[in-house]
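The following exercises concern a protein bound to DNA. Please study the sequence and the structure before reading each solution.

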2 protein chains.
Amino acid sequence: MELYPAMDEINNALKKNHIIVIFSNCNVEYSGRAQSFIAKGDRMIIMKHDGTILVHKPDGRTPVNWMPNKSIIEIKVENDSLEITCTNSKTSEVMIIRAFNIYSITSAPLVDNEQLRLLGTEKDMSDMLYSTPSLISEDFTPVSREEQTKYGFLDVFGHNSKGELVIVECKRYTAGLDSVTQLRRYVERVKKSKGITKVQGIIAAPNISQNALKMLTDWGFSYKNISPPYRFSKEEEKQAKINEF
Amino acid sequence: MELYPAMDEINNALKKNHIIVIFSNCNVEYSGRAQSFIAKGDRMIIMKHDGTILVHKPDGRTPVNWMPNKSIIEIKVENDSLEITCTNSKTSEVMIIRAFNIYSITSAPLVDNEQLRLLGTEKDMSDMLYSTPSLISEDFTPVSREEQTKYGFLDVFGHNSKGELVIVECKRYTAGLDSVTQLRRYVERVKKSKGITKVQGIIAAPNISQNALKMLTDWGFSYKNISPPYRFSKEEEKQAKINEF
DNA sequence: CGTGCCAGGTGCCAT
DNA sequence: ATGGCACTTGGCACG
C-alpha cells in the first residue's frame with residue numbers, strides 16, 4: 001500500500017473517531033517512563049478513539065509497545081516510511097512508529113455501552129467472610145469489611161468473644177511473603193493506634209507458600225484455607241439474560 | 001456478513017496460522033480463575049497463532065476479556081450467532097464469544113523475529129548503583145547486585161568502611177509502604193541469618209510517599225533520591241515541561 | 001492530585 | 001511446577 005493514501009486513510013478514520021487496525025512492517029521507539037526500541041518486524045497497530053495506541057507482535061498477550069489514552073497521533077510521510085508520532089503530554093511519553101510497509105488498514109465505528117460484570121474478586125471473598133464469619137472461626141464477629149478504617153485498609157476486621165481484635169487479610173490466589181508482611185503491617189498499625197498488644201492476624205487464601213507460612217507462624221499469625229466464590233448467584237444470572245434482550 | 005462464510009473465513013485463517021482481527025457485535029462469557037459476563041456490544045476480537053485471544057472494547061488499554069496462549073478455538077453457527085468457544089486445558093479456563101453481527105474479518109501472516117530492547121528498568125538502576133556506588137554514599141562498597149543471595153533477593157548488597165552490612169532496595173518509581181516493608185523483611189532476614197544487629201537499610205528511588213518515609217525513618221532506615229538511568233527525575237520532568245513552552 | 005492496593009494481573013527467572 | 005518479584009504494570013477508590 002502506498003504511503004500517502006495510507007496516511008490519508010488513517011487520518012480520515014481518526015477524524016471519524018473509528019477504531020483502526022493497521023498491519024504493517026515497522027520499528028518502534030519509545031521514550032518516557034523508560035526507553036525502548038524494537039527493530040523492523042510485522043506488527044498490528046491499534047488506534048482507539050480515546051487516544052489509546054497498542055502495538056502487538058504476532059504472538060503474546062501483552063502489547064510490545066503502547067501509549068495510554070488521551071495520546072495525540074500525528075502522521076507524516078518520510079523518505080521510505082510512514083512516521084506515526086504518538087505523544088502524551090500528561091505522562092510525558094512519546095512513541096514513534098516507522099512503518100516501512102503497510103499491508104492493510106481496517107477501521108470501524110464501534111459502539112459499546114456495556115460493562116463487564118465480574119465475580120470472584122477479593123472483594124467478593126471478603127463479602128463472603130463478612131456474611132459467613134464461621135468460615136474463619138466460630139469465635140469471630142466481623143465489624144467491617146473492605147473499608148478504609150483509621151488504621152488503614154483492612155479486608156475484614158472484627159473481634160473474638162474475648163474482645164480481642166481480629167484482622168483478616170484475604171488473597172484470592174496463593175499467599176506469599178508479601179501477603180504476610182502486609183498483614184503484619186496492618187496488625188502493627190492497629191496495635192499502635194489502640195495501644196494494645198494482642199491482635200489476631202489471619203490470612204485467608206486458597207493456598208500459601210511454604211516460606212510465607214513459616215513467616216506467618218513465626219509472627220504468631222495463622223492461616224485459614226478459603227477459596228474465593230466464583231459463580232454468579234441465581235439472581236445475577238437471570239439479570240444477565242434479561243439485559244441481553 | 002453471513003455467519004457461515006464468516007466461520008469458514010476464520011477457520012481458514014486459523015489453519016494458515018494467520019493473525020485474525022474480527023469486528024463484531026458480541027457478548028462474552030468467561031469462567032476460570034473467576035467468572036464474568038458482558039452483554040452485547042461492538043468489539044474487536046484478536047486471535048493470534050499462539051492461541052492467544054483478546055477481546056477489546058472500543059476504548060481502553062486493557063482487553064475486556066482474553067485467553068492465554070495455547071488456547072483452543074472452536075467455532076459453530078447457532079440460531080442467530082457465531083459461537084466461538086476458547087478453551088485452555090492447562091489453566092482450566094473457558095471463554096465463549098457469541099457474535100450476532102460480524103462487520104469485518106481481517107487476517108495476515110505476520111512475521112516478527114525481533115525483540116524489544118528496554119532501558120531504565122530496576123535492573124538497570126541496580127547495575128548503575130553497583131558500578132557507581134558513590135551515588136549512594138562515599139562510604140559504600142557494593143558486593144553483589146540483583147542476586148539470589150542466601151538471604152534472599154537483594155537489589156544491591158554491600159558494606160561500609162566500618163564493615164557494617166548495607167542493603168539497598170531500588171524502586172524505579174515512587175516508593176510506597178510496600179517498598180519499606182520489603183526492605184525491612186530483607187534486613188531482618190540478613191540480621192537473623194548472620195546473627196547481627198546492625199544492618200543499614202536504604203531505599204533508592206526517585207520519590208517516596210510521606211507515609212513510607214515516616215515508616216522508613218521509624219525503622220531506622222534511610223532514603224536516597226536516585227532516578228533510574230534514562231528516566232527524568234521529578235524536577236527534570238517539570239523543567240522539561242516548562243521548556244516546552 | 002497523590003497514596004494505597006487489587007488484578008481472571010502478566011512476564012521473567014530462579015530453585 | 002512453585003515461588004518470589006518487577007512491570008512503560010493498569011485500574012479503581014479514597015483522602
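**Exercise 1. Describe the surface near DNA strand C by residue class and by residue.**

Step 1. The surface near DNA strand C comprises 7 nonpolar, 9 polar and 9 charged residues. Here Ala, Val, Leu, Ile, Met, Phe, Trp, Tyr, Cys and Pro count as nonpolar, Asp, Glu, Lys and Arg as charged, and the others, Gly among them, as polar.

Conventions. The model is predicted, with local features requiring pLDDT of at least 70, side-chain atom pairs counting only at pLDDT 80 or more, and totals for chains, interfaces and linings using all residues. Residues are numbered from 1 along each chain as its sequence is written, chains are lettered from A and ligands numbered from 1 in the order in which they are written, and side-chain values use heavy atoms, with hydrogens and water left out.

Step 2. Of the 25 residues around DNA strand C, those that come nearest are Glu122(A), Arg172(A), Arg33(B), Trp66(B) and Glu93(B). A residue is near a strand if one of its heavy atoms lies within 4 Å of it. Sugar and phosphate make up 80% of the atoms of DNA strand C that come within 4 Å of the protein.

Step 3. Consider polar contacts (pairs of N or O atoms within 3.5 Å; within protein, one must be able to donate a hydrogen and the other to accept it, and residues adjacent in sequence count only if both atoms are side-chain atoms). A polar side-chain atom of Arg172(A) is 2.3 Å from a phosphate oxygen of DNA strand C. For Glu122(A), a polar backbone atom lies 2.8 Å from a phosphate oxygen of the strand. A base oxygen is approached by Asn65(B), with an N or O atom of its side chain at 2.9 Å.

Step 4. With 3 residues, α3(A) gives the most to this surface. Helices (H or I, at least four residues) and strands (E, at least two) are DSSP runs, numbered from the N terminus.

**Exercise 2. Which residues are the closest to DNA strand D, and which parts of the DNA meet the protein?**

Step 1. The closest residues to DNA strand D are Glu93(A), Asn211(A), Glu122(B), Arg172(B) and Tyr186(B), among 25 that surround the strand. Sugar and phosphate account for 85% of the strand's atoms within 4 Å of the protein.

Step 2. A backbone N or O atom of Glu122(B) lies 2.7 Å from a phosphate oxygen of DNA strand D, and a polar side-chain atom of Lys171(B) lies 3.3 Å from a phosphate oxygen. A base oxygen of DNA strand D is 2.8 Å from a polar side-chain atom of Asn65(A).

Step 3. The element that gives the most to this surface is α3(B), with 3 residues.

**Exercise 3. How many residues of chain B are in contact with chain A, and what area is buried between the chains?**

Step 1. Contact (heavy atoms within 4.5 Å) links 66 residues of chain B with 69 residues of chain A.

Step 2. About 5,700 Å² is buried between the chains, 55% of it from carbon and sulfur atoms. Buried area is the accessible area (1.4 Å probe) that two parts lose on being put together, summed over both. Gln35(B), Phe37(B) and Arg61(B) supply 13% of the area that chain B buries against chain A, more than any other three residues.

Step 3. There are 7 salt bridges between the chains, each a side-chain nitrogen of Lys or Arg within 4 Å of a carboxyl oxygen of Asp or Glu. One of them joins Arg184(A) and Glu188(B) (3.0 Å, N to O).
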